[in-house]
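Hi everyone, thanks for making time. I'd like to walk you through a structure that's new to most of you, so have a look at it first and then we'll go through it together.

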Amino acid sequence: MTQTRDEFEARLRQIGAERYHDLHPFHDLLHGGGCTPDQVRAWVINRYYYQHSIPMKDAAFMSRVEDPDLRRKWRSRIEDHDGTDTNEGGIRRWLRLAEAVGLDPDYVASTEGVLPATKFAVDAYVRFVREKSLLEAVAASLTELFAPKIHQNRIEGLLKNYDFADDSSLSYFKNRLKEAPKDVAFGLGWVLDQADTQEKQDAAAKALVFKTDVLWSQLDALHSAYVEPGRIPPGGWQPGTGLLDARAA
């Protein structure tokens with residue numbers, strides 16, 4: 001039975017309440033100051049792979065959109081990450097965080113040392129957006145509904161617990177608090193408008209579950225490799241490599 005608009009929105013929000021990666025133990029460790037410098041660096045390196053893939057995901061989506069209005073609305077997402085003449089963009093802000101934690105930004109941007117599971121998860125998301133329906137692609141992006149809370153917790157936790165944290169190094173998260181609401185408002189409204197049958201609502205909900213799995217699996221891989229000793233897989237970042245002081249030497 002097709003749900004009302006309000007019922008369906010509540011269903012989507014419940015997915016986040018139960019499955020969003022703010023519930024993952026790695027984030028408790030990170031935000032609570034329990035991560036070692038190398039665990040923070042491993043997180044920055046692996047999360048970069050997700051950050052740098054988002055504009056490619058959005059470009060793949062736009063290449064399939066025939067409605068000029070939808071393309072115009074979606075275009076700002078690419079600019080928010082890649083930057084413009086007046087906005088340095090999220091990718092550059094993330095590399096500033098990398099520098100702040102002692103990593104060579106060129107090394108991070110090379111994506112060397114990214115865990116295989118991170119690549120599999122992120123690449124699967126890009127492929128999902130490229131191949132699934134437009135409704136499913138937009139619905140998958142609705143994890144942004146739940147992001148402001150984790151960004152705020154992260155800003156507060158990192159500022160409280162880590163010496164590297166300041167306005168410059170955390171500018172990515174602070175900017176997302178301003179950028180994400182417009183994306184959320186548009187994306188959610190579009191999905192609620194388009195998902196007008198039970199079949200479409202089920203597909204959209206399943207897409208959002210898939211995206212929460214993508215985010216969760218990245219943290220599982222990170223936790224397994226760097227919190228549980230001796231579990232770094234072949235190709236994963238080895239502590240002591242890709243550091244700024246190594247480049248200076």
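Let me start with a question: is Phe173 buried or exposed? Keep in mind that this is a predicted model. Phe173 is buried, and its relative accessible area is 0%. Its ring partner is Tyr172: the ring centres are 5.3 Å apart and the planes sit at 85°, so we call that pair edge-to-face. Tyr172 also counts as buried, at 6% relative accessibility.

Those two belong to something bigger. Ring pairs join Trp43, Trp94, Tyr172 and Phe173 into a cluster. If you click on Trp43, you'll find that it touches Phe26, Leu30, Trp94, Leu97, Arg154, Phe173 and Leu222, leaving aside residues up to four places away in sequence. And Trp43 comes up again in the largest nonpolar core, which has 75 residues: Trp43 and Val191 are the ones with the most contacts inside it.

Okay, more rings. The count of aromatic pairs comes to 10. One of them is Phe61 with Trp74, a tilted pair at 4.6 Å centre to centre, with 40° between the planes. That pair links distant parts of the chain, with Phe61 in helix H3 and Trp74 in helix H4, 13 residues apart. Both are buried: Phe61 has a relative accessible area of 2%, and Trp74 has 1%. Trp74 has a charged companion too, as Arg77 lies over its face at 3.7 Å from the ring centre.

While we're on H4, which covers residues 68–82, take a look at Ile78, also in that helix. Which residues does Ile78 touch, not counting those up to four places away in sequence? The answer is Pro55, Asp58, Ala59, Met62 and Gly83. With Asp58, the C-alpha atoms are 6.5 Å apart in space, though the two are 20 residues apart in sequence.

Now jump to helix H9, residues 147–161. It has 15 residues and reaches 21 Å from first C-alpha to last, close to the 21 Å expected. Its buried residues are Ala147, Ile150, His151, Arg154, Ile155, Gly157 and Leu158. What covers them includes helix H2, H3 and helix H10.

Here's an oddity for you. Most residues other than glycine have a negative phi. Thr111, however, has a positive phi, near 65°. You'll find Thr111 in the loop between helix H6 and helix H7, and it is buried, with a relative accessible area of 16%.

Last topic: charges. How many salt bridges does the structure hold? There are 21. Arg13 and Glu9 make one, with the closest N and O atoms 3.0 Å apart. They both lie in helix H1, four residues apart, about one turn of the helix. Each is partly exposed, Arg13 at 39% and Glu9 at 22%.

Glu88 and Arg93 form another, with a closest N to O distance of 3.6 Å. Here Glu88 is partly exposed, at 35%, whereas Arg93 counts as buried, at 7%. Then there's Arg92 with Glu99, meeting at 2.7 Å, N to O. Finally, salt bridges that share partners tie a set of residues into one network, including Arg77, Glu88, Arg93, Arg176 and Asp183. And yes, that's the Arg77 that lies over Trp74.

That's my tour. Happy to go back to any part of it.

Conventions: Residues numbered from 1 in each chain as written. Predicted model: local features only at pLDDT ≥ 70, side-chain atom pairs only at ≥ 80, totals over all residues. Heavy atoms only, no water. Helix = DSSP H or I, 4+ residues; strand = E, 2+ residues; numbered from the N terminus. Contact = heavy atoms within 4.5 Å. Core = buried A, V, L, I, M, F, W, Y, C linked by side-chain atoms within 4.5 Å. Buried < 20%, exposed > 50% of the residue type's maximum accessible area, 1.4 Å probe, protein only. Phe/Tyr/Trp six-rings, centres within 6.5 Å; stacked < 30°, edge-to-face > 60°. Lys NZ or Arg CZ within 6 Å of the ring centre and 35° of its normal. Expected span 1.5 Å × (residues − 1). Salt bridge = Lys/Arg side-chain N within 4 Å of Asp/Glu carboxyl O.
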